[in-house]
Each structure stands twice: as C-alpha cells, then as structure tokens.
Amino acid sequence: MNWKFFCDRAGRGLTLFCAALVIVLTVSIIYFISSKGLATFFTNGISLREFLLSDQWAPDRAAVDGGPLVGAKAFIAGSVLVSLLAVGVSAPLGIIVAVFIVEIAPGWGQRVLQPAVELLAGIPSVVYGYIGLSLLVPLIRTYLGGGGFSLLAGFLVLSVMILPTIISVSTDSIRALPVEWKHASYALGSTRWQTIRMVLVPAARSGLITAVVLGMARAFGEALAVQMVIGNTREIPTSILSPMMTLTSAITMDMGATVMGTTWNNALWSMGLLLLLMSLCFILIIRVVVRRGAVQ
Amino acid sequence: MQRMMNSVGNKMETKGLNLYYKNFQALFNVSLPVREHRVTALIGPSGCGKSTFLRTLNRMNDVIEGTRIEGEVLLDGNNIYAPGVDPVALRKKVGMVFQRPNPFPMSIFDNIAYGPRIHGIKNKETLAEIVEKSLQAAALWDEVKDRLHKSALGLSGGQQQRLVLARVLAVEPEVILMDEPASALDPISTAKLEDLIHQLKNNYTIVIVTHNMQQAARISDYTGFFLNGEMIEYDYTNNIFTAPRDKRTEDYITGRFG
C-alpha cells in the first residue's frame with residue numbers, strides 16, 4: 001500500500017465521516033425535538049385539537065382547576081399573521097428593487113444598492129429589535145394610538161429584516177435569465193416596462209417564488225427582534241395595533257420558567273416541533289417550485 | 001451601378017454611417033441601399049461589422065451602452081436616428097431574427113401572440129387568427145397545431161427558429177432583419193428556412209447577415225461585402241459572385257481568407 005493510495009482512502013474516509021456527522025446531528029436534533037414535542041400529546045394527554053385550536057393558555061393551572069391549558073392558537077395565529085404581512089410588504093418591494101438593480105440601473109444598482117442590501121443582511125436581529133423598540137414603537141404610540149407594541153411594529157421590523165433575502169435571491173434569478181429574451185422582446189417593439197412585466201418577471205417566476213418563500217421562512221423563524229416590539233400578550237390580535245405573541249416569542253418568554261418534563265415545558269417543545277415542520281414545508285415548497293421551473 | 005444606387009425603390013438606406021463603441025470605431029462611412037421586396041445579403045469575415053450594421057437598421061445597438069452613431073439611416077426616406085423617433089415604434093416596422101433561436105419560455109401560442117398583445121390586440125379570436133396565419137407563413141403550423149399550448153422550448157432548433165420568425169411576422173413588420181439565422185441549424189432545417197425566405201420576399205423586405213457564401217448566393221438578390229467595418233462592394237448578388245470589381249471581394253469569395 002503506497003502513500004498516494006493511503007491519502008486517497010483517508011480523504012474519502014474524512015469526507016464520509018463529516019457527511020455522516022451532519023446527518024447524525026440533524027437526525028438526532030429532529031428526534032429530540034419530536035420526542036419532547038410529542039410527549040405533550042402522548043404522555044401529558046393533551047389533544048392535538050386543543051393544542052392547535054384552543055387559545056386558552058394557562059400551563060401552570062392546577063389539575064383540580066381543570067388545568068393545565070396549553071392552547072397555542074394565539075401564537076400560531078400571531079406567527080402566521082406577522083409573517084404574511086411582512087412578506088406582503090417585502091415581496092413586492094424586494095422584487096421591484098431587484099428589477100431596478102438588474103434592469104433599470106445596472107451600474108449604479110450594483111455599485112451602491114447591492115452592497116447596501118448586503119449590509120442590511122448583516123445587521124444582527126437584536127439591533128433591528130432595538131431600533132424598532134426605540135423608534136417605531138413610540139412613533140406608533142404617538143401617531144396611531146395604542147401602546148405602540150403591536151402587530152404593526154412586528155411586521156414592519158420583520159419586513160425590513162427579510163428584505164435582503166428577497167432582494168438578493170430575486171436579483172440572482174433575474175440576472176440569470178438569458179439576455180436573448182430581452183433582446184427578442186425589444187426587437188418586437190416592446191418597451192422596457194413591457195419586457196420586464198411580460199417576459200423577464202414571468203421567466204424568473206420560480207426564482208422569485210423561492211425568494212418569497214425563503215423570506216417567509218426567515219420571518220416565521222425570527223424570534224428576538226419581533227419579541228421586542230410586539231408586546232407579548234397571549235391573545236389573538238384583533239387589530240393591526242393590538243399587541244400579540246408568536247410561537248418563537250412564546251418559547252423564549254417561557255422557557256426559563258418551566259421544568260423539564262412538565263406539560264408546560266413539553267408544550268413549548270411542541271411549538272418548536274411545529275416551527276420545524278413549518279420550515280420543512282417551506283423547503284418542500286421551494287423544491288417543488290424549482291423543479292417545476294427547471295422542467296419548463 | 002448608378003441606377004441601382006438611386007433612391008427609388010429603396011425601402012431603407014444608410015448614408016455615411018459611422019458607428020463607435022465608446023472610442024472604438026466599428027463602422028466606417030457605410031452607404032448601402034436596401035431594395036424593397038428584395039433579399040439583401042451582407043457577407044464578410046467574422047468581426048467585419050456586418051452584424052453591427054444590421055443592428056443599426058432597427059436601433060438594437062441602442063441597447064448597448066456607449067454606442068454612438070454618425071450619418072443617416074433612412075426608412076422610407078425618413079432618418080430613424082432623427083430626434084423624436086421612437087425606437088419602440090421603429091422596431092415594430094423593422095423586425096429581427098437572431099443568430100440563436102430565442103423563443104420565450106412560454107407556450108407556442110403565447111410566443112406568437114406576444115407581439116400583437118404588446119401592441120394592444122386583446123381579442124382572443126383575432127389573436128388566434130394571427131397566430132395561425134403567422135405559423136402558416138413560417139411553415140410551422142402543421143408541425144405544431146396540436147401543441148400550441150405546450151412550451152416553445154420543447155421544439156427542435158429548426159422549429160424554434162421558424163417559431164421566432166413567425167413571432168416576427170405576427171407584428172406585421174415591413175422589413176425583416178436576420179442575423180445569421182441558420183448558423184445554429186442542421187442542413188435540412190437550413191434548407192427549409194431558405195425556402196421560407198424566398199417566399200417571404202413577396203411581402204417583406206429582407207436583410208440577412210450570413211457567413212455562408214453559398215447561402216448568400218442562393219437566397220439573395222443583392223449582396224454587400226464588409227471588411228474591417230467598411231462596405232467594400234455592393235452589387236447584384238450575381239455580379240458579386242461572378243464578376244467582383246474589388247480585389248478584396250474576389251479574395252474573400254474565392255476563399256483566400258475569412
């Protein structure tokens with residue numbers, strides 16, 4: 001056995017080991033979250049229906065008083081609402097900015113806008129939260145009423161945070177389009193706007209959907225910044241100015257107060273499991289969209 | 001020669017055309033007539049400026065930053081580079097087929113209907129009529145009539161190039177520019193395309209860039225020979241290939257360079 005042969009074998013072994021390690025890590029994390037999260041239903045006897053559809057959250061209520069109640073509906077609704085609204089703001093904005101960077105002002109857009117977007121992506125979420133807390137919340141309180149801590153503050157902060165993801169993925173997908181399509185469209189007598197609207201954006205569709213879903217996933221999983229500005233009340237928000245709570249903020253708020261193995265603690269893990277399943281869904285959606293785009 | 005150069009029967013004409021990319025001059029004082037309902041071929045070695053020249057005829061060079069033009073390009077006697085001329089309206093009259101087939105990633109129907117739609121036709125029956133008529137004219141109808149709503153990217157290269165031609169015909173241009181339209185096609189597809197060009201000249205004025213000299217000889221009525229950004233010689237195709245007046249033209253068509 002010579003040295004070269006040994007290196008070859010060793011290199012192969014090392015890469016295999018690293019790959020296996022990642023798989024083992026992923027599987028064990030999923031196993032741990034699942035076993036804890038499912039215990040709520042199997043060990044503590046809470047029905048899935050109650051967990052998903054009840055908004056009664058009193059995990060520390062004694063059994064004699066009918067507790068503990070771990071209905072997570074308010075948090076689920078909160079997470080869905082705040083993410084959808086954030087995407088509702090960021091998706092059109094991000095796609096339009098991407099079109100601007102690639103098609104309208106390629107020179108200036110790439111020199112100035114793109115670095116700005118990258119910088120935006122690099123700001124830690126606690127800083128976003130802090131800005132929201134000290135700027136946005138008082139503004140809302142003064143001009144729109146209420147306490148300021150609100151769904152509105154939450155999705156505005158989130159929409160700025162997911163903007164870089166949407167812009168950069170959209171930019172890449174528009175830039176990847178063959179220039180021939182653009183030329184063909186111009187040669188048929190279309191204006192730039194018609195070319196963008198009827199050829200380029202539809203052609204980049206799968207990339208743009210991927211961008212939006214990635215933004216949505218990021219919004220859904222964001223905890224810290226949102227938690228700082230939404231007020232954290234355990235109720236389904238009734239207006240855009242009401243305070244609210246999300247799955248992630250419910251976990252961070254409560255996790256220090258619970259004891260491992262209790263229904264309360266397990267219910268938090270169930271929420272974690274729910275977040276995991278949601279991100280799995282987002283990944284699947286992206287896979288399907290990308291595959292469809294490739295087939296076309 | 002003098003008779004040919006006079007402006008009666010000229011659909012398009014360039015006069016003293018210079019073109020610069022930033023500081024690089026790509027065309028030198030090109031004056032060339034494009035006769036109505038005739039096929040004009042532009043030949044010459046790679047990089048001689050023939051494609052660049054072609055793209056001045058529908059202002060597609062405008063898309064490239066740093067391009068500057070001197071001289072005149074006339075369409076029906078009017079300078080298309082005059083201030084106030086809308087390149088978008090011009091390109092509706094002067095259509096273009098590119099070197100590589102470039103159908104949009106849409107259905108065959110939507111590809112053809114794209115041009116009419118952007119020019120304001122919304123009526124479904126009208127669009128369907130235009131689509132059928134254009135595909136018929138491009139000799140593609142029989143091959144695709146059962147799959148109009150399938151993606152155009154599923155067609156063969158030759159079919160795609162005829163589709164692109166049909167897409168141009170759908171906007172009813174007056175002039176069709178073709179930039180080496182057969183260079184990516186197999187011999188059978190090329191023959192079909194050449195037949196098509198032959199039929200189309202009854203209704204359209206055609207300018208075609210090719211580096212295939214046999215092709216130029218087969219399909220064109222007039223030929224212009226380009227070299228290093230200059231137009232060396234323009235004449236009846238027959239004359240160019242049998243009795244060229246310029247030594248350089250002769251060298252090129254006899255295969256001494258290029």
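The exercises below, each with a worked solution, deal with the contact between chain B and chain A and with salt bridges in this predicted model.

**Exercise 1.** Describe the contact between chain B and chain A by its residues and its buried area.

*Solution.* Begin with the residues: chain B brings 26 residues to the contact, while chain A brings 17 residues. Next take the area, which comes to about 1,800 Å² buried between chain B and chain A, with carbon and sulfur atoms giving 67% of it. Then look at chain B, where B:P105, B:Y114 and B:I118 lose the most area to chain A, and these residues together account for 29% of what that side buries.

**Exercise 2.** Find the polar links across the interface, and say which elements and what kinds of residues make up the side of chain B that touches chain A.

*Solution.* Start with the polar contacts, of which eight residue pairs are found across the interface of chain B and chain A. The elements of chain B that give two or more residues to this side are α3 (87–93), β6 (94–97), α4 (108–118) and α7 (157–169). Sorted by kind, the residues of this side are 15 nonpolar, five polar and six charged.

**Exercise 3.** Locate the salt bridge between chain B and chain A, and decide whether each partner is buried, partly exposed or exposed.

*Solution.* The count between the two chains is one salt bridge, whereas the count over all chains comes to 17. The pair runs from B:R100, in the loop between β6 and α4 of chain B, to A:E180, in helix α7 (residues 179–187) of chain A. The side chains of B:R100 and A:E180 meet at 2.9 Å, N to O. For the last step, B:R100 counts as exposed because its relative accessibility is 51%, and exposed means over 50%. A:E180, at 23%, counts as partly exposed.

**Exercise 4.** Work out how B:E194 and B:R218 are joined, and which of the words buried and partly exposed applies to each.

*Solution.* B:E194 and B:R218 form a salt bridge, with their closest N and O atoms 2.7 Å apart. The pair links distant parts of the chain, since B:E194 lies in helix α8 (residues 187–200) of chain B and B:R218 in helix α9 (residues 213–219) of chain B, 24 residues apart. With a relative accessible area of 8%, B:E194 is buried, whereas B:R218 counts as partly exposed at 47%. Elsewhere in chain B, salt bridges that share partners join B:K11, B:D76 and B:E174 into one network.

Conventions:
Residues are numbered from 1 along each chain as its sequence is written. Chains are lettered from A and ligands numbered from 1 in the order in which they are written. This is a predicted model: local features need pLDDT of at least 70, side-chain atom pairs count only at pLDDT 80 or more; totals for chains, interfaces and linings use all residues. Side-chain values use heavy atoms; hydrogens and water are left out. Contact means heavy atoms within 4.5 Å. Buried area is the accessible area (1.4 Å probe) that two parts lose on being put together, summed over both. A salt bridge is a side-chain nitrogen of Lys or Arg within 4 Å of a carboxyl oxygen of Asp or Glu. A polar contact is a pair of N or O atoms within 3.5 Å; within protein, one must be able to donate a hydrogen and the other to accept it, and residues adjacent in sequence count only if both atoms are side-chain atoms. Helices (H or I, at least four residues) and strands (E, at least two) are DSSP runs, numbered from the N terminus. Ala, Val, Leu, Ile, Met, Phe, Trp, Tyr, Cys and Pro count as nonpolar, Asp, Glu, Lys and Arg as charged, and the others, Gly among them, as polar. Buried means under 20% relative accessible area, exposed over 50%, partly exposed in between (1.4 Å probe, protein chains only).
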